[in-house]
Amino acid sequence: MEINKDLLDNLFEQAKENPRLRQNFDLRTSSTDTSQRMLNALLPGTVVPIHRHPQSTENVFLLCGKIVEVICDENGNEIERIHLDPTVGNYGCVVPQGAWHTVEVLEPSVIYEAKDGKYGEDGSDTFDAFKAKEAKNKEQSSATFSNSLGDLKKNIEYLIGMERQSGSMDVITPLYVSRMLNVPLEEVERVMKDMEI
């Protein structure tokens, strides 16, 4: 097989028909190949969610067009922009393992991308899905604590008892309780006032 203008033009046509404004072409040679090696035709306006690959670096080589690879921090804030444009000698980059990243497409572009691990089984996730899962886990752990100990008043009594049992005789403030129980400060203050603490 040749990777030539006809192949890229065909990918661009498919990308135009695709609601996501992008189209990939699998370059693996057998079903036992558990890597990800593909061409990806990207059109301006495509939205590539911020995502990461925790088990692999990602190699990106730009065959044609202009893109910006955007690296983000743990909060989804942009920390680096890598401009790729083969006409000026910027051919590609290696996205570090586990780095949050996305791509901005400045003109119709085709990249060759490669990473380890079978698609869907490599631990990759989007930033939004990761944050939603993180929030759900936090909510579940908070609910587990609350449900196992009863209402807020009982939770506060339990926390105070545990602090005293550990030898801490300091005054336990509503702010401390709020942070420890992950409950809004106003609610803790109300309950502690009722408890005359």
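1. Let's start in the middle of a sheet: Ile67 stands opposite Val105 in β7. Its neighbour in the sequence has a partner there too, since Val68 stands opposite Glu104 in β7. Both pairs belong to a longer run of contacts, in which 13 bridges join strand β4 (residues 58-72) to strand β7 (residues 100-115). The two strands run antiparallel. Please keep in mind as you read that this is a predicted model.

2. Which other strand pairs with β7? Have a look at strand β2, residues 36-42: seven bridges join β2 to β7, again in the antiparallel sense. If you would like one pair to find on screen, Leu39 stands opposite Tyr112 in β7. So far, then, β7 has met β4 and β2.

3. Now go back to β4 and follow the chain onward. β4 and strand β5 (residues 78-84) pair in the antiparallel sense over six bridges. One pair to look for here is Ile71, which stands opposite Glu80 in β5. How many residues lie between β4 and β5 in their hairpin? There are five, and in that turn Gly76 has a positive phi of about 85°.

4. Gly76 is worth a second look, as it brings a helix into the picture. The C-alpha atoms of Gly76 and Phe127 are 51 residues apart along the chain, yet their separation is 7.1 Å. Phe127 lies in helix α2, which covers residues 127-149. Is Phe127 buried or exposed? With a relative accessibility of 11%, Phe127 counts as buried, because the cut-off for that word is under 20%.

5. β4 has a further partner, strand β6. Four bridges join β4 to β6, and these strands run antiparallel. In this pairing, Phe61 stands opposite Gly92 in β6. Strand β6 (residues 92-95) is also a nice place to see a pattern from your textbook. In a regular strand the side chains alternate between the two faces of the sheet. Along β6, Cys93 and Val95 point to one face and are buried. Gly92 and Val94 point to the other face and are not buried.

6. Having met one cysteine, you may wonder about disulfides. How many disulfides does a search of the whole structure find? The result is zero. Cys72 is in no disulfide, and the nearest cysteine sulfur to its own, that of Cys93, is 13 Å away. Cys93 is likewise in no disulfide, with the sulfur of Cys72 as the nearest cysteine sulfur, at 13 Å. For comparison, a disulfide needs the two sulfur atoms to be within 2.5 Å, so this pair does not qualify. As for their surroundings, Cys72 counts as buried at 7% relative accessibility. Cys93 is buried as well, with a relative accessible area of 11%.

7. Next, turn to helix α4, residues 174-181. Which residues of α4 are buried? They are Val177, Ser178 and Leu181. Seen down the axis of α4, these buried residues fall within an arc of 100°, so they line one face of the helix. You can check this for yourself by turning the model until you look along the helix.

8. α4 has a helical partner, α5 (residues 185-194). The axes of α4 and α5 come within 9 Å and cross at roughly 120°. That angle makes α4 oblique to α5. The handedness can be given too: α4 passes α5 in a right-handed crossing.

9. Between these two helices there is a backbone detail to notice. Asn182 lies in the loop between α4 and α5, just after α4. Its phi is near 55°, a positive value in a residue other than glycine. Why point this out? Most residues other than glycine have a negative phi, and most peptide bonds are trans. Asn182 is partly exposed, with a relative accessible area of 40%.

10. Finally, there is a similar case towards the start of the chain. Leu21 lies in the loop between α1 (5-17) and β1 (22-26). Although Leu21 is not a glycine, Leu21 has a positive phi of about 60°. Is Leu21 buried, exposed or partly exposed? At 26% relative accessibility, Leu21 counts as partly exposed. When you next open the model, try finding Leu21 and Asn182, each of which has a positive phi.

Terms used. Residues numbered from 1 in each chain as written. Predicted model: local features only at pLDDT ≥ 70, side-chain atom pairs only at ≥ 80, totals over all residues. Heavy atoms only, no water. Buried < 20%, exposed > 50% of the residue type's maximum accessible area, 1.4 Å probe, protein only. Arc of directions from axis to C-beta. Pairing = 2+ DSSP bridges. Axes fitted to C-alpha atoms, helices over the stretch in contact; angles between N-to-C directions. Parallel < 35°, antiparallel > 145°, perpendicular 65-115°, else oblique. Left-handed = near helix turned anticlockwise from the far one by under 90°.
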